[in-house]
Amino acid sequence: MGLHHPQSAPGRQAGRQIGRASRALRPVTAARCALPPLSSGASDTKAAGGRWRRRPERGRGRGGMGSRLRHWREAATVLLAAGGAASPARPPTASPGGFDYELLLLRRSPRSRFLPSAHVFPGGVVDAADFSADWRALLPATPRCGLGVVKVGGPRAPLFAADRPELSGSQLPGDVAFRICAIRETFEEAGVLLLAEAGGETPLDAARPARLLPAERLPPAAELAEWRRRVQRQPAAFLQLCRQLCCAPNIWALHEWGNWLTPVGRAGRGGRRYDTAFFLCCLGQGPPPASHDNGEVTACQWSTPPEAVELFKTQDIWIAPPQFYELCRLCNFPSLDDLHRFGSERALEGCERWMPVLLVAPDGHMQLLPGDELYPEDPDLTGERKPILTTNKKIEDLMKGASRLHRIVSHDLHNIAVHVNIQPKYKHIRPIKMDSKVRNNEDCNSKL
């Protein structure tokens, strides 16, 4: 059965297909699928008060994968790992798989409009203040503020490369501003300050995991808590805090990791969809104290990647599919030093932008990712063509005989598995197959 769209003429749409493997698929509107939301992220147009909000799209222009998107709010998040052989989060023998580091996970408020009660990585909506040219006074005087040059081996994710004419004056490069956003949000949500001494012409030694500033370089706890509340109310106050401390956001400790887009069928209340930059940051010290703000975040915890998956299996926490996918990637690295080495070297390749396409089956659903044999050649970025697909085949039948797999399969909220057999682009790594209902997980990686 050909892929067709409800608002188009049947004769015209009968020829639209996504390949022979997808002939049993048909589109369905988002309203017909009561499915949980997917990703996390941020805004697009400068609004009064400094925050950005989504700009209404005019006309029916689709916008290619090479253009900046206006159907998403822009955001940044950080996979914050702490520990290492010299300062393990706990003895490696005491953690599943011998992991010597832990990741910071935050529980979103049940009142959140997006991913309520989900455990996520710290991060959130980008603000105009994150792009302020005033940051340059605290950063190295180079075009990329001391960041390494990303190789142009493939299309650069527009989130990092796009011009933003709505911001007046000399703005920061996108990959600098989104790092500042992730660092600011980590302070707002968890009270962890990822800062470095300002004023140097060369960045810190990126060959080793970063370290936090010593406690004596920070204000007293009560004063720092007041700064945190100020930044939560007005993101531009983060620049004021850094100036007072003669510090800069440690953008060199954050390494480009991924870029996820929220598909239409996973939009939160009010149609919230996000274009989110994922960064990796490794701290070569024990996990620092983290505290929730009792607002956006209601709990903080440090867990190894396998422990987080196990908590998901036992339904103690819920993790959205993108975060589950990234946890499975991190399960390749029991050593913080190995994770940091891979992340810092691979980041110079850039990353691929992914928008999952939903396929609903009678016994569950899939999130198809680029490279999968069922993934559309021309994915619908805007939602105007109703990009959710349905099939009368069961998931087991869809998996049989599939030659190119890159999909997240969900039977229910806590029964998720990632299936990948394609070679990742940008020298990235495949996730380890961590079926959330099976304990003897298997490594589905080939050589990098």
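**Close-up views of a predicted model**

At 46% relative accessibility, K151 counts as partly exposed. This residue opens the first of several views of the structure, which is a predicted model.

**View 1. A salt bridge joins K151 and E349.** The side-chain nitrogen and oxygen of this pair are 3.2 Å apart. K151 belongs to the loop between β7 and α2, while E349 sits in the loop between α8 and β13 (353-354), and 198 residues separate the two. E349 is buried, with a relative accessibility of 13%.

**View 2. K425 and E352 meet through their side chains in a salt bridge.** The N to O distance is 3.7 Å. K425 comes from the segment after β18 and E352 from the loop between α8 and β13, so the bridge ties together parts that are 73 residues apart in sequence. K425 is exposed, its relative accessible area being 54%.

**View 3. D130 and R184 form a salt bridge.** Their closest N and O atoms are 2.9 Å apart. Since D130 lies in the loop between β7 and α2 and R184 in helix α3, the pair connects parts 54 residues apart in sequence. D130 counts as buried at 2% relative accessibility, and R184 is buried at 0%. Salt bridges with shared partners join D130, R184, E185 and E188 into one network. The count for the structure comes to 18 salt bridges.

**View 4. R108 is buried yet has no salt bridge.** This arginine is found in strand β5 (residues 101-108). The nearest side chain of opposite charge is that of E189, 5.0 Å away. The R108 side chain does reach the backbone oxygen of F114, at 2.7 Å. Leaving aside residues up to four places away in sequence, R108 touches F114, L115, S117, A118, V120, E296 and T298.

**View 5. The largest nonpolar core has 58 residues.** The members that touch the most others are W135, L194, F238, I251, L254 and F279. Helix α3 (residues 174-190) gives the most to this core, with 9 residues. Another core, of 41 residues, lies apart from it and includes L105, F114, W257 and Y274.

**View 6. Helix α8 (residues 336-346) has buried residues at L336, L339, H340, F342, G343, S344 and R346.** The buried residues of α8 pack against β4 (73-83), β5, β10 (254-261), β11 (274-283) and α7 (321-330). At the N-terminal end of α8, S335 acts as a cap, with a side-chain oxygen 3.3 Å from the backbone nitrogen of D337.

**View 7. C331 and C328 are not bonded through their sulfurs.** The structure holds 0 disulfides. C328 has the closest cysteine sulfur to that of C331, but the distance of 5.8 Å is too far for a bond. C331 is buried at 9% relative accessible area. C351 also counts as buried, at 3%.

**View 8. C145 and Y426 have positive phi values.** Phi of C145 is near 55 degrees, and phi of Y426 is near 55 degrees. Most residues other than glycine have a negative phi. C145 is in the loop between β7 (123-125) and α2 (158-161), and is buried at 0% relative accessible area. Y426 lies in the segment after β18 (415-420), and counts as buried at 15%.

**View 9. E226 and R229 share a side-chain polar contact.** The contact distance is 3.0 Å. E226 lies in helix α4 (residues 221-233) and is partly exposed, with a relative accessible area of 32%.

Conventions:
Residues numbered from 1 in each chain as written. Predicted model: local features only at pLDDT ≥ 70, side-chain atom pairs only at ≥ 80, totals over all residues. Heavy atoms only, no water. Disulfide = S-S within 2.5 Å. Buried < 20%, exposed > 50% of the residue type's maximum accessible area, 1.4 Å probe, protein only. Helix = DSSP H or I, 4+ residues; strand = E, 2+ residues; numbered from the N terminus. Polar contact = N/O pair within 3.5 Å; in protein donor to acceptor, adjacent residues only side chain to side chain. Core = buried A, V, L, I, M, F, W, Y, C linked by side-chain atoms within 4.5 Å. Lys, Arg positive; Asp, Glu negative; His and termini not counted. Salt bridge = Lys/Arg side-chain N within 4 Å of Asp/Glu carboxyl O. Contact = heavy atoms within 4.5 Å.
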